[in-house]
Structure formats: structure tokens, C-alpha cells
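Please look at the sequence and the structure shown below. The paragraphs that follow go from a helix contact to the interface, and then to the individual chains.

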Amino acid sequence: MDGMHDLGGVQGFGPVEREAAEPVFHADWERRAFRVNLAVLIALNPGGGGFRHSIERMDPAHYLTSTYYEHWLTGVTTLAVEAGVVTQQELEQRAGGGFPLSRPDRGTAPPSAPPKTEPRFAVGDRVRVREWHPLGHTRAPRYVQGRRGVVDRFDGAYNLPDAEAHGGTKVTDPTYSVRFAAHELWGDGAAPGETVNVDLWERYLEEDR
Amino acid sequence: MSGDHGHEHVHEHVHEHEHRPEPLAPIEARVAAIEAVLIEKGLFDSAVLDAIVDNFEHNLGPLNGARVVARAWVDPAYRERLLTDGTAAIAELGFGGPEGDHMVVVENAPEVHNLVVCTLCSCYPWPTLGLPPAWYKAPAYRSRAVREPRALLAEMGTVVPDDIAIRVWDSSAEVRYLVLPERPAGTEGMSEEELASVVTRDSMIGVERL
């Protein structure tokens, strides 16, 4: 989905603020949130796509105003509520206030296709990323959909997360690293001498004739 | 789906959303609430979870990546293996596991600088770098790294001259990236261990040049 998480190229953000000697966890709640995250993932095994999509469904304003451990907490708690482990009302009673969760999953698995391991494209092939902007989970960022690039590397075949995240069968599909010239992505505003590689499943790609 | 059903569903959702208790519970209380539920339901094995967290706090971190880089600097055959099959070469030093199962190492050179980002999420090579710092997961870095990398790096104190190409790697699938920085001048006499101590986390992400 073209959600708030899909941040590549979004303009308006300020400087990157680095902390000197940043600790692994800033506060005890971050460590506890990390343990809760692991516990839910172990108990429910939602798969990488399902877990990530639980965060992608967060309200955009909440997403931008909370740190990553809060994203994880919100995502896995949403999964726990959706699995019937607990209700949002019970959580709010226990917490003594609002416990915002992610919005409902509007995504559907893409049409089923046979598992594939042999790559269709070779290194050097020109490809175009399909443009379809699904409501559900995908690893084709908005900023490369519809854009043309060159296959730089074949990385083997892995489960397509778009299917896995929405109850589809696990189906392998080849993955590639595709190189895009900055000008292809950002037009005349691009700086020279910059390229971006994005790692993409074969199903996202078509031949660029 | 019938129109009525759809309407009801939307209405229910909106209704639920509009009546969120105010104020928001503090994050500590929210963590405690779901943690207590998981414990009561028998879904929270503290010993297992603490062992995993302990591993992140004490064993995984950029010191591992620094050892990989230092080895590549002193051993040309290892460097070749690292650039050909990063996962296997990193495993030679004992590092591997979740978020490190498919490693690609990208090498800086006089004419090219590499920068790693995860625009969609927070993908990061845990076995070699540990858990990512907060800025790596924050919107400013994720949005700008792919759009204006040279300007962003300059702002972060790393000026990459215009005649050096910048390659950005958005780890959007299964591969996790590690940058192999150039060995700095003046380190000729250093041992492998001393070399490891000059390698920083940020240089292995690509936001710093040594």
C-alpha cells in the first residue's frame, strides 16, 4: 500500500539526528516492547509480510509521531487482537487509557501462480516495474513503480511476501537487485552521479521493450 | 458483499475509532498491558525471550562487522570471497542468523561510494551490525537517502566529491547489505585487531568515510 511507511523520496523531512553512543534500548519499555514483539511473533507466526503489514496499517499520524519500538508494539498488538488473543477494550482497561491499534487489513493476496525459482531476466536486462499500487503489503516501493531500470544481480528465489501477508499460499519467486538512475526516479531534480538499487521480486517486473 | 453489510462494517469501525478512551495510555502502560495478557495466556516464555534480548545487547553489534572489514583489508583472498558470497565469508568468522542469512557486501572504491537504507521498514544486518540505531529507522533518513544522498551525506558531515558516484542500496527484499569501506591511509602498520578498531558502524552503513 502507498502508506506512510513507504517513505522513499518523500520530501519535507529535516536533518538526520544521530545520538552519540546510542544504547541498544533507550528505556526499559523499549526492551520490554522488543520482548513482547518476539513473543507475539513466536506465538502467531504471521510471516514477515504479515508482521510488516501490521505496522504499515498504522494511522499515518501515529506512525510519524512514534518511534520504531512503538510501531512494533502497535503492529504485534493489532495482530494479537485480530487473532482473538485479547480485545482492544481489555487492553485499554488494563492500560488505563487509549491503546491505538492499526487499521483493518484491506489487502488481498495477488492471483495465485506456480512457484518459480529460475530467473526470467538476466543481469543487464532492461526492466520496468509494474505499477499497481495494491491496498495490501508489497515490497515494490511507490517510488519505483512504473520506473525503468537494469537488472544488476539475481539473488535467488524467495516467498512472495505480497501473498504471504494476506493468507495466500507460500509461493517462491525470483528476486533481483534492479538499478535505477536517479534521473529516472526524480526527473530533472535528480543530482548527477547517483543511482539507487532496489531489490524486487520478479512478479513486480516486466520487460522494458 | 452486500451494501448493507459493508455499511455496517464501516460504521462499526468508525464508531470504535471515534470512542478511543482519552487520554492515550502512556507507552509504558501499553507495553505492560499486552505483556500481562501474554503472560496470563502462557504465550510469554521469559527465559527464551531474555536470552534473545541478551544476545542483542551483548553479542551482536558493529564490532562483528568491523572484524569482517578488517579481515578483508588484510587478506585479499578473504576480500574476494566476501564480495562473491558475503553470507559464507561472514560465516567463516562465526557470524550469521536472522537478518544475516543473505548478505551482500558492497565495496567502496576511489570512484564509488555505497550507502545502505531501508525505505519501507528497518531492514539491517543484525549479525554484523546489531539492532539499527534510531535515526536509521526514522523518516528523515529513509526518505532522503534515496532522493538526495550526496546532499544528505554532506549534511551528516561526509562530503562525497561530485566525481565519486554514489550507489544507494534499498534493502527491500531478502538481502541485507554491508558496506566495505576503503582502508584509510596511515594504517599500513596496523594489526588486524587494530584495524578493526578504526571501523565504525556508520562507515559500514555508508554514512561515513574513514
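In this predicted model, α4(A) and α2(B) pack with their axes 11 Å apart and at an angle of about 35 degrees. The crossing in which α4(A) passes α2(B) is left-handed. On the chain A side the residues are A:Glu70, A:Leu73, A:Thr77 and A:Ala80 of α4(A), and they meet B:Ile27, B:Arg30, B:Val31 and B:Ile34 of α2(B). Sorted by class, this contact of α4(A) with α2(B) has 5 nonpolar, 1 polar and 2 charged residues. A general point about helices bears on the spacing of such residues: an α-helix has 3.6 residues a turn, so residues three or four places apart point the same way.

The helix pair belongs to the contact between the chains, which takes 62 residues from chain A and 63 residues from chain B. On the side of chain B that touches chain A, at least two residues each come from α2 (27-40), α3 (46-58), α8 (134-137), α9 (139-144), α10 (149-155) and β3 (165-170) of chain B. With 11 residues, α2(B) gives the largest share of that side. By class, the residues of the side of chain B that touches chain A are 37 nonpolar, 18 charged and 8 polar.

Strands also link the chains. Strand β4 of chain A, residues 194-201, pairs with β3(B) in the parallel sense over 5 bridges. One of the residues to look for is A:Val198, whose bridge partner in β3(B) is B:Asp170. Within chain A, strand β3 (residues 172-181) and β4(A) run antiparallel and are joined by 7 bridges. Here A:Ser177 has A:Asp199 of β4(A) as its bridge partner.

Is β4(A) enclosed or open? All 8 of the 8 residues of β4(A) are buried, so the strand is largely enclosed by the rest of the structure. In a regular strand the side chains alternate between the two faces of the sheet. In β4(A), A:Glu194, A:Val196, A:Val198 and A:Leu200 point one way, while A:Thr195, A:Asn197, A:Asp199 and A:Trp201 point the other way, and all are buried.

Helix α2 of chain A, residues 47-56, is mostly covered, with 8 of its 10 residues buried. Its buried residues are A:Gly49, A:Gly50, A:Phe51, A:Arg52, A:His53, A:Ser54, A:Ile55 and A:Glu56. They pack against three helices of chain A, namely α1 (28-44), α4 (68-82) and α6 (161-164). The helix α4(A) in that list also packs with α2(B).

Next come the chains as wholes. Chain A has 7 helices and 5 strands, and from the N terminus on its elements run α-α-α-α-α-β-β-α-β-α-β-β. Along the principal axes, the C-alpha atoms of chain A fill a box of roughly 60 × 45 × 30 Å. Of its 209 residues, 44% count as buried. Among contacts in chain A between residues at least 6 apart in sequence, those that join residues at least 24 apart make up 71%.

Chain B comes to 12 helices and 4 strands. Its C-alpha trace spans about 70 × 45 × 35 Å along its principal axes. The radius of gyration of chain B is 22 Å, whereas a compact globule of 210 residues would have one near 17 Å. Buried residues account for 43% of the 210 residues in chain B. For contacts in chain B between residues at least 6 apart in sequence, 70% join residues at least 24 apart.

Key: Residues numbered from 1 in each chain as written. Chains lettered and ligands numbered in written order. Predicted model: local features only at pLDDT ≥ 70, side-chain atom pairs only at ≥ 80, totals over all residues. Contact = placed C-beta atoms within 7 Å. Nonpolar A, V, L, I, M, F, W, Y, C, P; charged D, E, K, R; others polar. Pairing = 2+ DSSP bridges. Rg over C-alpha atoms; globule rule 2.2 N^0.38 Å. Buried ≥ 20, exposed ≤ 12 C-beta atoms within 10 Å, placed from the backbone. Axes fitted to C-alpha atoms, helices over the stretch in contact; angles between N-to-C directions. Left-handed = near helix turned anticlockwise from the far one by under 90°.
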